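Dear colleague,

I am handing over the structure we spoke about, and I would be glad if you could look through it with the notes below at hand.

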Amino acid sequence: KELAVIGRVTVLWGRLEHLMMVTTFENVPEQSGKVLENAIDDVFSTRLRAFHDAAISISEEPERNRLLSLHGKIANLQVRRHELTHGFWDWDQANPNAMTVIGTRPKGEFQKAWGIEGLYELGSRIGEALFNLEFPGGWEEFVETRGETGTSISRDGLRMLSGTLPEDHP
C-alpha cells in the first residue's frame, strides 16, 4: 500500500509542477526572461520562486492573492514531498507497520516516521493544491470543464470494458 501511495504522491506532484510552470508562463510578460528561465529550471526552489514572481506580477488583487496563497501551501508541502521522494525508506522489525524515511539535506540529516495515513494526507493536500491551481473557479469550473470535454475513464476501467484486464489483476 505504501508504495502505491508514494507513487500517487509522485504523480500528483509532477502534475502540480507542470501546472505551476504553465501558470508562470501565462502570467509573466515575455520580457521577463529570467522569470521564464527560472520556471523551467531543474531546481524546484527556483521554479517555485518563478511561480511566486509570476503571482506578484498580477495586477488583479483576488487572483494575485489566490496564487500567493497557493504558493505558500506548495512551499510547505515541498519539504515533506522532498523527504518522501529523495529519502531512503526503511522499516523496523519491532514495528513492521511503521515506515521511516532517512536522508540528508543541506540543513542536516533527517529521520522521520511515516504511516500510511501520513502518506495519504500528503497526497490529499497535494491533490487539493493541484485542484485549486487547475480550477480557480472551484467545483463549478470543474463541472463546466468536464461538461465541455466529456467524461473520462481509468486505465483499468477501459481494460475491463475491452476485456483486456489480466485475470490476476487485484
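The notes below go from the chain as a whole to its pockets, its cavity and its aromatic residues.

Please keep in mind that this is a predicted model. The protein chain has 7 helices and 3 strands, and from the N terminus on these elements follow the order α-α-α-α-β-β-β-α-α-α. Its C-alpha trace spans about 55 × 50 × 25 Å along the principal axes, and 32% of the 170 residues count as buried. When contacts between residues at least 6 apart in sequence are considered, 54% of them join residues at least 24 apart.

The largest pocket holds about 200 Å³ of space. Its lining consists of Val-79, His-82, Glu-83, Arg-105, Pro-106, Lys-107, Gly-108, Glu-109 and Phe-110, and both α4 (61-86) and β3 (108-114) supply at least two residues of that lining. Sorted by class, the lining of the largest pocket has 4 charged residues, alongside 3 nonpolar and 2 polar ones.

The second largest pocket, with a volume of about 170 Å³, is lined by Leu-19, Val-22, Thr-23, Glu-26, Asn-27, Glu-63, Arg-66, Leu-133, Glu-134 and Pro-136. Two or more residues of this lining come from each of α1 (2-27), α4 and α5 (116-134), and α1 provides the largest share, with 5 residues. By class, the lining of the second largest pocket divides into 4 nonpolar, 2 polar and 4 charged residues.

One residue of that second lining, Thr-23, may deserve a closer look. Thr-23 lies in helix α1 and, because its relative accessibility is 11%, below the 20% cut-off, it counts as buried. The side chain of Thr-23 reaches the backbone oxygen of Leu-19 at 2.8 Å, and Leu-19 also lines the second largest pocket. Leaving aside residues up to four places away in sequence, Thr-23 touches Phe-51, Leu-67 and Leu-133, and Leu-133 is likewise among the residues that line the second largest pocket.

As for enclosed space, the structure holds 1 cavity of 30 Å³ or more, and the space in the largest cavity comes to about 30 Å³. Glu-17, Met-20, Met-21, Thr-24, Ala-39 and Arg-47 form its lining, to which α1 gives the most, with 4 residues. The lining of the largest cavity includes 2 charged residues and 1 polar residue, together with 3 nonpolar ones. Helix α1 thus appears in the linings of both the second largest pocket and the largest cavity.

Turning to the aromatic residues, a search of the whole structure finds 4 aromatic pairs. In one of them, the ring centres of Phe-131 and Trp-139 are 4.9 Å apart and the ring planes stand at 40°, so the pair counts as tilted. The two partners differ in accessibility, because Phe-131, at 18% relative accessibility, counts as buried, whereas Trp-139, with a relative accessible area of 60%, is exposed. Phe-131 and Trp-139 also belong, with Phe-135, to one aromatic cluster.

With best regards

Key: Residues numbered from 1 in each chain as written. Predicted model: local features only at pLDDT ≥ 70, side-chain atom pairs only at ≥ 80, totals over all residues. Heavy atoms only, no water. 1 Å grid on protein atoms, 1.4 Å probe; cavity = no way out; pocket = protein on both sides within 12 Å on 5 of 7 lines; lining within 4 Å. Points joined across faces, edges and corners; volume = space filled by probe spheres on them. Nonpolar A, V, L, I, M, F, W, Y, C, P; charged D, E, K, R; others polar. Buried < 20%, exposed > 50% of the residue type's maximum accessible area, 1.4 Å probe, protein only. Polar contact = N/O pair within 3.5 Å; in protein donor to acceptor, adjacent residues only side chain to side chain. Contact = heavy atoms within 4.5 Å. Phe/Tyr/Trp six-rings, centres within 6.5 Å; stacked < 30°, edge-to-face > 60°.
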